[in-house]
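Let's take a look at how two chains sit against each other. Have the structure open while you read.

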Amino acid sequence: MSGASTVTEYQATHTVPGRMGVWWFLASEIMVFGGFLAVYILYRMASHGAWAAMAEHVSAPIGTFNTVVLLTSSLTMVKAFEAVDKDARDKARNYLLITVLLGVAFLCVKGFEYSHEISMGFTPLSGSFWSFYYVLTGLHGLHVLAGIIANFCLYIMAVRGTLWSKNCQGRVEFAGLYWHLVDVIWIFLFPLLYLSY
Amino acid sequence: MGDNHHEHPNYVAIWAWLLLLLFVSVIAVYLPFSQGLTVSFIFIVAAVKAGMVGMYFMHLKFEERLVRYIAIVPVILFLIMLVSLIPDTVYNR
């Protein structure tokens, strides 16, 4: 028991090591996306407006809708964390499920968008803008997928009760930090790809 | 849990602000301002939105200093990389 109380004492006064680890991971993610974003911005500036004609073909309304979906999923994720913090187990479970469903909705809309663009003849080989568009949104989409899987695992644990019986509540916060970063990256991708023509 | 002792902020209000800022930046594209002004505006709005998500949803406002440093250092490195390469890209055709 003394070991357990030491951990609690440590957590009360210091940043939990797990959270620190997640933040290191997020910092590396910022550099991964930062590299891609910097190259995109620089190439776009170097094109001196030549990409604008290509960028006009992405759908700002669909992008806006997906931004609303992702911002809302960030809200439900942080509400899940709040519910876990307050030991409101049913609420936590429901918010996790809603977050997963909103993530799936985001990917479905993105898939619809891709199919529409490809049917219009805009593939990754259609020009520099489209290459960047598919790489940036594709990499971001993979991150959304990873977040959905993590959140779904937490939802299953919440349904089974193991989230609490195995004392894994902290994972909701960690998955949430990752999910919010994916949201932050989209907050920049959206104007870069959809609004800058 | 309970290792991060602070009151939870009003997350719904922050979400509403985020949506409001989103729509402001979308509408700004259709207003008759110069492209430079519009692009600057929508990226300032994006930075404010990202800051709000970081501060409140990711709790950086309530975190200790070390975690804030871990979060902000890669952003600064990104900006240095970007700004230092702009002259070469724009002027060296």
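## Where chain B meets chain A

The rule picks out three residue pairs in polar contact across the interface of chain B and chain A, with both residues at pLDDT 80 or more. A polar contact here is a pair of N or O atoms within 3.5 Å, where, within protein, one must be able to donate a hydrogen and the other to accept it, and residues adjacent in sequence count only if both atoms are side-chain atoms. On chain B's side, the elements that give two or more residues are the helices below (helices are DSSP runs of H or I, at least four residues, numbered from the N terminus).

| Helix of chain B | Residues |
|---|---|
| H1 | 11–28 |
| H2 | 35–57 |
| H3 | 65–91 |

H3(B) gives the most to that side, with 14 residues.

Keep in mind that this is a predicted model: local features need pLDDT of at least 70, side-chain atom pairs need 80 or more, and totals for chains, interfaces and linings use all residues. Residues are numbered from 1 along each chain as written, chains are lettered from A in the order written, and side-chain values use heavy atoms, without hydrogens and water.

How many residues touch? In chain B, 46 residues are in contact (heavy atoms within 4.5 Å) with 53 residues of chain A.

The rule also finds one salt bridge across the interface: the side chains of Arg19(A) and Glu63(B) meet at 2.7 Å, N to O. The cut-off is a side-chain nitrogen of Lys or Arg within 4 Å of a carboxyl oxygen of Asp or Glu.
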